[in-house]
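Trainee: I'm new to this one, so could we walk through it together?
Mentor: Sure, let's pull it up and take it piece by piece.

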Amino acid sequence: MDDKSSSHHRLLVVLLMALIFSVIMIQYVCPSRTECQMLHQLGSWFHMAAGSQTSDGEVQEKLDPYISEDGALMRFIPRFNFTKVDLNRAVDFNIKGDDVIVFLHIQKTGGTTFGRHLVRNIQLERPCECHAGQKKCTCLRPGKKETWLFSRFSTGWSCGLHADWTELTRCVPARMDSREAPKSMQSRNYYYITILRDPVSRYLSEWRHVQRGATWKASLHVCDGRSPTSSELPSCYPGDDWSGCTLQEFTDCPHNLANNRQTRMLADLSLVGCYNVSSMSEDERWGVLLESAKRNLRGMAFYGLTEYQRKTQYLFERTFRLAFIAPFTQLNGTRASGLDVPTDTQRRIRQLNRWDVELYEYARDLFLQRFQFARQQERRQARERRQQERRRLRGRLAAMQGRQQKPTQAPTLTENHFVTLSQEDAKEDSDGLLPEWWEKDETGTLEDYLDNVELWK
């Protein structure tokens, strides 16, 4: 008896392992749901059964491709109130005209990856020409020898290495006009975009980059027509670079530009006297810069977040009505994420970057509200298309009913007299004509976004 029981137990284990292996192989052998619908249904049943003992949030996470990227299970509750203008960022980008997309590239935010997406991964009538061994690509408008993209991988660092908002907004128009004078007196439309990242992760990533020898000494930091003096912007190290510096040394430098870099690069520095810090107190200065950065970020055509790659792709495509060829990939295994940083050190980094922390929370809130607003618009538009299709099919059905009515004598129709078919005849004629969603209730309206902004992440 013991041998039989043990044998049955081993058989059950083998069958369970085979089932798990089969479900996994379905995703590789038959990735398309349309081609292997029954197999994918089996896999979904298995996953739902496996998730039945988890929370509702975890099951919901498996169903939405935009949820699974960030792995957050808590409910997103907005902290800030934004207008519809702030939330609806669709722009009328005319790639065949004079419009230009300007990419503000902040260090260690994943901007290099996003910049490559711009030149290599967008479906265009005239794709960018990129050649092996060349750092820049040629991104020209259809039928013209003019560029539509101002970025590191298209025009190079034409306004300086990692130029900030203060530099770009003053430099880009002059650079573009010198390259290609507009054919009319009408000014160009410049659509500024950028990528932000969690401040602590970004700071640690910059430290590791500097530790390997990066300096960004070629950055100009031009403000009000000049670069800062050495007394206004002291260096943190005496030599050619700061390679090998410890995290303690990196955090101890009071002039480190890594501190609150995102806030400073998105703000208008001329509002605080550029790099002259003697005109106001530190808190007053950074308070002005933070509000300026928020205002500029809110007014940008688009910005994305490193931690939300799929949502970033979705919002860019919705904003500019351009489509990427391959989907973005959420990579969580960065050098910074692999660091074992003590809690006290992380707390100190957050304090050093407290203005960036506040900016990022603001940006994340606006980003997720924009995402939900766009998704709700998309669903509303889809519902309107279904309703239009129903009206079209209803008209066809009425026409068919009219053709089937062949009276021997034309009836005299008064204002309140109509010839109709019975419900049974109408149903019989509609078979095969109406889609499955015909009987679905379409009377409910979507609540206004501003009255209900909770989103399952």
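Trainee: Let's begin with aspartate 344: is it buried or exposed?
Mentor: Keep in mind that we're looking at a predicted model. A residue needs over 50% relative accessible area to be called exposed. Aspartate 344 has 57% relative accessibility, so it counts as exposed.

Trainee: Which side chain meets aspartate 344 in a salt bridge?
Mentor: Look along helix H13, residues 343–352, where a residue three places from aspartate 344 is separated from it by about one helical turn. The N to O distance is 2.8 Å. The partner is arginine 347.

Trainee: Why can residues three or four places apart in a helix point the same way?
Mentor: It comes down to how the helix winds. Residues that far apart point the same way because an α-helix has 3.6 residues a turn.

Trainee: In helix H8, which residue is separated from arginine 202 by about one helical turn?
Mentor: H8 covers residues 199–211, and the two are four residues apart. They also form a salt bridge, with the closest N and O atoms 2.6 Å apart. Arginine 202 is buried at 0% relative accessible area, and its partner counts as buried at 2%. That partner is glutamate 206.

Trainee: Which residue is linked with Arg202 and Glu206 in a network of salt bridges?
Mentor: The network goes beyond the pair within H8. Arg202 and Glu206 are linked in it with Arg261.

Trainee: And arginine 141, what does its side chain meet in a salt bridge?
Mentor: Arginine 141 is buried, with a relative accessible area of 0%. Its partner counts as buried too, at 9% relative accessibility. The N to O distance is 3.5 Å, and the partner is glutamate 146.

Trainee: How many salt bridges does the count come to?
Mentor: The rule asks for a side-chain nitrogen of Lys or Arg within 4 Å of a carboxyl oxygen of Asp or Glu. By that rule, the count comes to 14.

Trainee: Now the strands: in what order do the four strands of the open sheet come?
Mentor: The pairing in this sheet is parallel. Its edge strands are E3 (149–150) and E5, each of which pairs on one side only. E4 and E5 are joined by four bridges. The order is E3-E2-E4-E5.

Trainee: What is the bridge partner of threonine 194?
Mentor: Look across to E5, which runs parallel to E4. The partner in E5 is tyrosine 303.

Trainee: How far apart are the end C-alpha atoms of helix H11?
Mentor: H11 has 18 residues, 282–299, so at 1.5 Å a residue it should span 26 Å. Its buried residues include Trp286, Leu289 and Leu290, and among the elements covering its buried residues are helix H7 and helix H14. The end-to-end distance agrees with the expected span: 26 Å.

Trainee: Is methionine 17 buried or exposed?
Mentor: Methionine 17 is found in helix H1, residues 2–29. Along with Val13, Leu16, Leu19 and Ile20, it makes a nonpolar surface patch of about 420 Å². Its relative accessible area is 53%, so methionine 17 is exposed.

Trainee: Last one: what percentage of the protein chain is made up of buried residues?
Mentor: The chain has 15 helices and six strands. Its accessible surface comes to about 26,700 Å². Of its 457 residues, the buried ones make up 42%.

How values were computed:
Residues numbered from 1 in each chain as written. Predicted model: local features only at pLDDT ≥ 70, side-chain atom pairs only at ≥ 80, totals over all residues. Heavy atoms only, no water. Expected span 1.5 Å × (residues − 1). Buried < 20%, exposed > 50% of the residue type's maximum accessible area, 1.4 Å probe, protein only. Contact = heavy atoms within 4.5 Å. Patch = residues over 30% accessible without salt bridge, like charges linked within 9 Å, V, L, I, M, F, W, Y side chains within 5 Å. Areas by Shrake-Rupley, 256 points an atom, 1.4 Å probe, with all protein chains shown as cover. Pairing = 2+ DSSP bridges.
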